[in-house]
Amino acid sequence: MTHNYYELLYAFHINRHNYRKAGTVMFEYGMRLGREVRTRHGLQKQVNCYLAAMNCLRLIRPEYAWIVQPVSGGVYERPGASPKRSHDGECAAGPVSRHIDILELKDLQKEYILARNRLTLAQHDPSSAAIAGSASAVEMVTLLVQAGLFDAALSLCQTFQLPLTPVFEGLAFKCIKLQYGGEAHQNEAWNWLAANQLSSVITTKESSATDEAWRLLSSYLERYPSQNAQYHRCVLDKLLSHGVPLPDWLVNGYKVVDAAGLLRLYLNYDLLEAAGELVLEYVDALLGKGHQYFGFEKPLSATGPLAWLPYLSIDQLLQTLSENQANAFNANLYQKLQEKLGHYHRLVEQATFQKTMKL
């Protein structure tokens, strides 16, 4: 009968109430499983090992809830071992320093979450078990995104404080593939859509897998707000780079927080018509027409808050349009912009004068 010496040693330490050593044994067992047994069964055992190690540390007072994990390549002396000698009989110099890692409960929890995500991926796609067995957190995010396990990828990013951008870009790319893919892509998509926690997955004839994928993307953008809407921007950039028409809900959501950023994106991809229409709407919003759609509390007035226009981007747009006056549409758009901006500047002068008179 073959014995598992890790489990025997774990049971021995548990019996002696030495929970720190028991936790260390289980943690090392889990580490070896990740390196040497890259199967779904091995990943399940690894998850169980890390869970047992965490439970051991929870039985210890918080100030003592830690274990020592040797760093790979570290050199250690065994107590009572005879000193090493050189060829002439002199004692050889020992290592100057020892490299150790102190792992607390929070560190074990992170390793447990990483191992659990490896197992989740292997259960979803058994062929990935060998790759996932030793994958780092960053690599696991990529693998989870490729498999369509976006909930797991987002959770892992938050645990290890990784940027969420790769997740949003990956989901946007899957939406693009569904938008222009065939029925095979649609059928495959239902599998990974079901693995993510949509508020309610609609599987009727009226709702396709493409619709549900866009809805999942929309829910993530609402659930994970970012500074300056960087996740909106990365999704828009991904769609524009593939020549995909932008959904209205995505454009409207980005306009509220960073209309200037949207204008720069349009200019980067030479979308002059969309850029011109955006500038016209932006100026109208400053003047009071639809200001709520651009995040303005109040329209331009002598007593209202300060407002600004992205003049650098607007000048770039006007310059491009002026250089292409042979195109009737460009010439017409250029004229509209000049008239709208002229009207805006006159109102700004009036508001500034009124504000000055009140001082």
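Glutamate 63 is partly exposed, at 44% relative accessibility. In this predicted model, glutamate 63 forms a salt bridge with arginine 61. The closest N and O atoms of the pair are 2.6 Å apart. Arginine 61 is exposed, with a relative accessible area of 54%.

The structure holds eight salt bridges. Among them is the pair of glutamate 104 and lysine 106, with closest N and O atoms 4.0 Å apart. Glutamate 104 is partly exposed, at a relative accessible area of 36%. Lysine 106 counts as exposed, at 53% relative accessibility. Another of the salt bridges joins aspartate 284 to lysine 340, and here the closest N and O atoms are 2.7 Å apart. This pair links distant parts of the chain. Aspartate 284 lies in helix 13 (residues 272–286), lysine 340 in helix 15 (residues 328–358), and 56 residues separate the two. Aspartate 284 has a relative accessible area of 18% and is therefore buried, the cut-off being under 20%. Lysine 340, at 24%, counts as partly exposed.

The chain as a whole contains 15 helices and two strands. Of its 359 residues, 39% count as buried. Contacts in the chain with a separation of 6 or more were also examined: residues 24 or more positions apart account for 57% of them. The exposed area is about 21000 Å², of which carbon and sulfur atoms supply 52%.

Part of the surface is a nonpolar patch. Val68, Ile100 and Ile102 form this patch, with about 220 Å² of accessible area together. Isoleucine 102 belongs to strand 2 (residues 100–104). Its relative accessibility is 42%, so isoleucine 102 counts as partly exposed.

Glutamine 46 presents a buried polar side chain, at 2% relative accessibility. The residue is located in helix 3 (residues 40–58). A polar atom of the glutamine 46 side chain lies 3.1 Å from the backbone oxygen of glycine 30. Beyond its neighbours within four places in sequence, glutamine 46 is in contact with Gly30, Leu33, Gly34, Ala115 and Arg118.

Two further helices were examined for burial. In helix 6 (residues 137–147), the buried residues are Ala137, Met140, Val141, Leu143, Leu144, Val145 and Ala147. An α-helix has 3.6 residues a turn, so residues three or four places apart point the same way. The buried residues of helix 6 pack against helix 4 (105–124), helix 5 (129–132), helix 7, helix 8 and helix 9. Glycine 148 follows just after helix 6 and takes a positive phi of about 85 degrees.

Helix 10 (residues 209–223) is mostly covered, with 11 of its 15 residues buried. The buried set includes Ala209, Thr210, Glu212, Ala213, Trp214 and Leu216. Leu217, Ser218, Ser219, Tyr220 and Leu221 are buried as well. These buried residues pack against helix 7 (150–159), helix 8 (165–180) and helix 9 (183–194), and also against helix 11 (230–241) and helix 12 (248–268). The span of helix 10 agrees with expectation: at 1.5 Å a residue, its 15 residues should cover 21 Å, and the end C-alpha atoms are 21 Å apart.

Key
Residues numbered from 1 in each chain as written. Predicted model: local features only at pLDDT ≥ 70, side-chain atom pairs only at ≥ 80, totals over all residues. Heavy atoms only, no water. Patch = residues over 30% accessible without salt bridge, like charges linked within 9 Å, V, L, I, M, F, W, Y side chains within 5 Å. Areas by Shrake-Rupley, 256 points an atom, 1.4 Å probe, with all protein chains shown as cover. Salt bridge = Lys/Arg side-chain N within 4 Å of Asp/Glu carboxyl O. Helix = DSSP H or I, 4+ residues; strand = E, 2+ residues; numbered from the N terminus. Buried < 20%, exposed > 50% of the residue type's maximum accessible area, 1.4 Å probe, protein only. Polar contact = N/O pair within 3.5 Å; in protein donor to acceptor, adjacent residues only side chain to side chain. Contact = heavy atoms within 4.5 Å. Expected span 1.5 Å × (residues − 1).
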